[in-house]
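Visitor: Please take a close look at one part of this structure, the annotated binding site, and then place that part in its surroundings.

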Amino acid sequence: MPAETTARVIDGKAFAAKIRGRVAEHVARLKAEHGITPGLAVVLVGEDPASSVYVRSKGKQTLEAGMNSFEHKLPPETSEEELLALVARLNADPAVHGILVQLPLPKHLNSDLVINSIDPAKDVDGFHISNVGLLGTGQKAMVPCTPLGCLLLLRDLHGSLSGMNAVVIGRSNIVGKPMAQLLLGDSATVTIAHSRTKDLPEVVRRADIVVAAVGRPEMIQGDWIRPGATVIDVGINRTAGPNGKDVLVGDVDYASAAQVAGAITPVPGGVGPMTIACLLANTVTACCRANGLPEPEGLAA
Ligand SMILES: NC(=O)C1=CN([C@@H]2O[C@H](COP(=O)(O)OP(=O)(O)OC[C@H]3O[C@@H](n4cnc5c(N)ncnc54)[C@H](OP(=O)(O)O)[C@@H]3O)[C@@H](O)[C@H]2O)C=CC1
Ligand SMILES: Nc1nc(=O)c2c([nH]1)NC[C@@H]1CN(c3ccc(C(=O)N[C@@H](CCC(=O)O)C(=O)O)cc3)C=[N+]21
Ligand SMILES: [Mg+2]
């Protein structure tokens, strides 16, 4: 039986829908006043079924926001040369304001090389070394969508994060490290934990804010959580459910954590939808910057 929930459940799905609504309004204005339609190109190499699901859902939500969606599905044996040539074409295409190359790429492709070949101004994932450097030095950057989504949820809940103790579990380039930078930018006191961290439960117990991005199903336990803390669960883990069907679970043991936390994001319906909403927001932001027009407010770091 599920335990009684005492934490406030953070509705990422509803918040993401609100952001997409604001994105759609901004897009409508760009079209009406300037004749510009923001465009997002998504590149998928190979046939990973989970990636295909995300790419489909990104395309659908891009169109629903009134933007153009360009999907490029390449076979798994695509060469680096071919992929770099496609990115170069998208860089040069004035109808494309945002470019996302779905990760992970097949092993024979160097993802650093490919990501760094994207025009930083069109790098809506914020993974280009130039955007990483801009974020790290507090300059205007394209900010990675998942950490940006987490930050917007935290700001909505807490207003100011100043002086709060934040523990980020995970140090990947796509989630953990940029998340830590954003929290630091909002004046939280930030700890980054990883697989070599000693006594992780004790480190997590100090946190007013826990961001879990480990990729290990239900690893973070309720008795690691400081009573009243805010728990942001980035994890998306597909595990076999009781009837053979896949179920999604996060990196946090939701049942136990929800009894202790003050607020917690569910999986699904938490961070995931925010990621896509921020991708759309970043695309509009990139389009506005490219055309010297005012950006949507409150949707960037
Ligand atoms: N909701 C969304 O939109 C998104 C969700 N995700 C999900 O978020 C999760 C993390 O993704 P990502 O950052 O790409 O994953 P990575 O595998 O790239 O990074 C995982 C991090 O967790 C750390 N880690 C692994 N095991 C432990 C452990 N036992 N104790 C402490 N730390 C540990 C690793 O440490 P070390 O560096 O020492 O190896 C590493 O830094 C995944 O579940 C992924 O599916 C990812 C992107 C978007
Ligand atoms: N270049 C690149 N950029 C990414 O942003 C990127 C990527 N590669 N590779 C894969 C990860 C993963 N990711 C997710 C996006 C949306 C949901 C999402 O919408 N999740 C729904 C559920 C979806 C489902 O049911 O499968 C939810 O949590 O409610 C999840 C995960 C983006 N990623
Ligand atoms: Mg358990």
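Guide: The UniProt record, an unreviewed entry, places a feature called "binding site" at Gly170, Arg171, Ser172 and Ile236. UniProt positions are given in the numbering used here, feature names are shortened, and annotations may be inferred rather than shown by experiment. This is a predicted model, in which local features need pLDDT of at least 70 and side-chain atom pairs count only at pLDDT 80 or more, while totals for chains, interfaces and linings use all residues. Residues are numbered from 1 along each chain as its sequence is written, and chains are lettered from A and ligands numbered from 1 in the order in which they are written.

Gly170 is found in the loop between strand S5 (165-169) and helix H7. Helices (H or I, at least four residues) and strands (E, at least two) are DSSP runs, numbered from the N terminus. Gly170 counts as buried because it has 23 C-beta neighbours inside 10 Å. On this scale a residue is buried if 20 or more other C-beta atoms lie within 10 Å of its own, exposed if 12 or fewer, and partly exposed in between, with C-beta atoms placed from the backbone. Residues up to four places away in sequence not counted, Gly170 touches Val175, Gly176, His194, Ala213 and Val214. Contact here means that the C-beta atoms of two residues, placed from the backbone, lie within 7 Å.

Ile236 sits in another loop, the one between strand S8 (230-233) and strand S9 (237-240). Ile236 is buried, because 21 other C-beta atoms lie within 10 Å. Its contacts, leaving aside neighbours within four places in sequence, are Leu248, Val267 and Gly272.

Two of the annotated residues recur around ligand 1: of the 26 residues around that ligand, Gly170, Ser172, Ser195, Gly215 and Thr275 come nearest. A residue is near a molecule if its C-beta atom, placed from the backbone, lies within 6 Å of it. By class, this shell has 10 nonpolar, 12 polar and 4 charged residues. Ala, Val, Leu, Ile, Met, Phe, Trp, Tyr, Cys and Pro count as nonpolar, Asp, Glu, Lys and Arg as charged, and the others, Gly among them, as polar. Helix H10 gives the most to the shell around ligand 1, with 3 residues.

H10 also gives the most to the shell around ligand 2, there with 4 residues. Of the 18 residues around ligand 2, those that come nearest are Leu103, Asp125, Pro268, Gly272 and Thr275. Gly272 has already appeared as a contact of Ile236, and Thr275 is listed among the nearest residues to ligand 1. At least two residues of the shell around ligand 2 come from each of helix H2 (49-64), strand S4 (98-101), helix H6 (145-158) and helix H10 (271-290). The residues of this shell divide into 12 nonpolar, 5 polar and 1 charged.

The protein chain is divided into domain 1 (37-119) and domain 2 (144-273), with bounds that come from an automatic or database domain assignment. Their C-alpha centres lie 28 Å apart, and the shell around ligand 2 draws at least three residues from each of the two.

UniProt, again in an unreviewed entry, gives its own ranges. The annotation "domain: Tetrahydrofolate dehydrogenase/cyclohydrolase NAD(P)-binding" covers residues 144-289. Over residues 144-289 the chain is 36% helix and 19% strand, with the end C-alpha atoms 17 Å apart. The feature "domain: Tetrahydrofolate dehydrogenase/cyclohydrolase catalytic" is placed at residues 10-125. Over residues 10-125 the figures are 49% helix and 16% strand, and the end C-alpha atoms are 24 Å apart.

H7, the helix after the loop of Gly170, has a further partner. The buried residues of helix H5 pack against helix H7 (176-185). In H5 (residues 129-136), Asn131, Val132 and Leu135 are buried. Seen down the axis of H5, these buried residues fall within an arc of 105°, so they line one face of the helix; the arc is that of the directions from the helix axis to the C-beta atoms. H5 is followed by Gly138, whose phi is positive, near 75°.

Helix H10 also holds Cys288, which counts as partly exposed because it has 19 C-beta neighbours inside 10 Å. Cys288 and Pro38 are 250 residues apart in sequence and 8.6 Å apart in space, C-alpha to C-alpha.
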